[in-house]
Amino acid sequence: MHIILMGPPAAGKGTQSKFLQEKYGLAHFSTGDELRAEIENGTDIGKKVEAIMKDGGLVSDDIIMDIIKDRLNNPDFSKGIIFDGVVRTIPQAEGLEKILNERGEHIAIAFNLIVNEDMLLQRVEARVAQTLAAGQTPRKDDDPEVLKRRINEYTNFSKIVAPYYAEKGVLVEIDGQQSIKDVTGFIESHMQRLTPR
Ligand code: AMP
């Protein structure tokens with residue numbers, strides 16, 4: 001079973017993804033993580049995307065589709081995947097659908113976590129403070145100016161991508177300003193419809 005998790009930075013995707021992994025044995029797949037690893041490893045892709053990511057812009061569909069194709073055969077993905085931040089444009093949504101269809105698979109639910117901008121900025125400030133307190137370096141794109149750009153970028157693409165999944169009948173919108181427990185409960189209630197006991 002494959003799930004899409006959409007939402008702006010700091011909407012709670014990481015936390016809810018952990019829940020979905022533990023409860024349903026799904027694997028987590030984030031193009032953001034994959035791209036950061038490419039940068040860390042100094043690959044050609046890493047060199048191409050570094051400046052774009054630092055600015056909070058969108059990496060090209062070609063690079064994203066290559067990464068998706070390359071990683072999808074990972075045996076750890078056999079129980080299903082949480083696609084976290086993976087689909088940000090219509091060509092990516094169509095490309096992913098085509099790849100999954102060729103494998104006889106599909107997206108079961110596209111969860112969209114909705115949180116207002118003020119709360120997102122507060123959460124990122126808290127995340128940066130926690131990271132610094134732990135003696136670690138915050139993510140480069142957790143800077144307030146970059147964050148605003150990333151939120152804008154998210155708002156733009158979600159206006160396009162969310163209706164795509166609504167049309168497919170798999171979009172579930174979630175009030176991400178609720179407590180973590182309530183968001184998890186809401187997600188669980190939708191997952192139960194797919195995995196009845
Ligand atoms: P994330 O960790 O998902 O917030 O992604 C961090 C950054 O990686 C984004 O701001 C984009 O620059 C880039 N990125 C990740 N996934 C994609 C995607 N599917 N399409 C385009 N750019 C992406």
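Which residue in strand 5 does Ile114 stand opposite? Select Ile114 and you will find that Asp175 is the residue of strand 5 standing opposite to Ile114. Before going further, keep in mind that this is a predicted model, in which local features need pLDDT of at least 70 and side-chain atom pairs count only at pLDDT 80 or more, while totals for chains, interfaces and linings use all residues. Residues are numbered from 1 along each chain as its sequence is written, and side-chain values use heavy atoms, with hydrogens and water left out.

**The sheet**

Now select strand 4 (residues 107–114) together with strand 5, which pair in the parallel sense over five bridges; strands here are DSSP runs of E with at least two residues, helices are runs of H or I with at least four residues, and both are numbered from the N terminus. Two strands are said to pair if DSSP finds at least two bridges between them. Another facing couple to look for is Leu113, which stands opposite Ile174 in strand 5.

Widen the selection to the five strands, which form an open sheet in the order 2-3-1-4-5 with parallel pairing. Strand 2 (27–30) and strand 5 stand at the edges, and because each has a single partner strand, one side of each is left without a neighbour in the sheet. From one strand to the next the twist averages 20°, where axes are lines fitted to C-alpha atoms (for helices over the stretch in contact) and angles run from 0 to 180 degrees between N-to-C directions.

Show the side chains of strand 5 (residues 171–175), which alternate: Val172 and Ile174 point to one face and are buried, whereas Leu171, Glu173 and Asp175 point to the other and are not. Buried means under 20% relative accessible area, exposed means over 50%, and partly exposed lies in between, with a 1.4 Å probe and protein chains only.

**Ile4 and the cores**

Next, select Ile4 in strand 1 (residues 2–6). Why does Ile4 count as buried? Ile4 counts as buried because its relative accessibility is 2%. Leaving aside neighbours within four places in sequence, Ile4 is in contact with Phe83, Val87, Leu96, Ile107, Ile109, Ala110, Phe111 and Tyr165, contact meaning heavy atoms within 4.5 Å. One of these partners, Ile109, is 105 residues away from Ile4 in sequence, yet their C-alpha atoms are 6.3 Å apart in space.

Ile4 also belongs to the largest nonpolar core, which has 32 residues and in which Ile4, Ile68, Phe83 and Tyr165 have the most contacts. A nonpolar core is a set of buried Ala, Val, Leu, Ile, Met, Phe, Trp, Tyr and Cys residues joined through side-chain atoms within 4.5 Å. Helix 7 gives the largest share of this core, six residues. A second, separate core of 25 residues includes Tyr24, Phe111, Leu113 and Val172.

**The ligand**

Select the ligand, which 16 residues surround, the closest being Thr31, Arg36, Gly57, Val86 and Arg150; a residue is near a molecule if one of its heavy atoms lies within 4 Å of it. Polar side-chain atoms lie 2.9 Å from a ligand oxygen atom in the case of Arg36 and 2.8 Å from a ligand oxygen atom in the case of Arg150.

Methods. A polar contact is a pair of N or O atoms within 3.5 Å; within protein, one must be able to donate a hydrogen and the other to accept it, and residues adjacent in sequence count only if both atoms are side-chain atoms.
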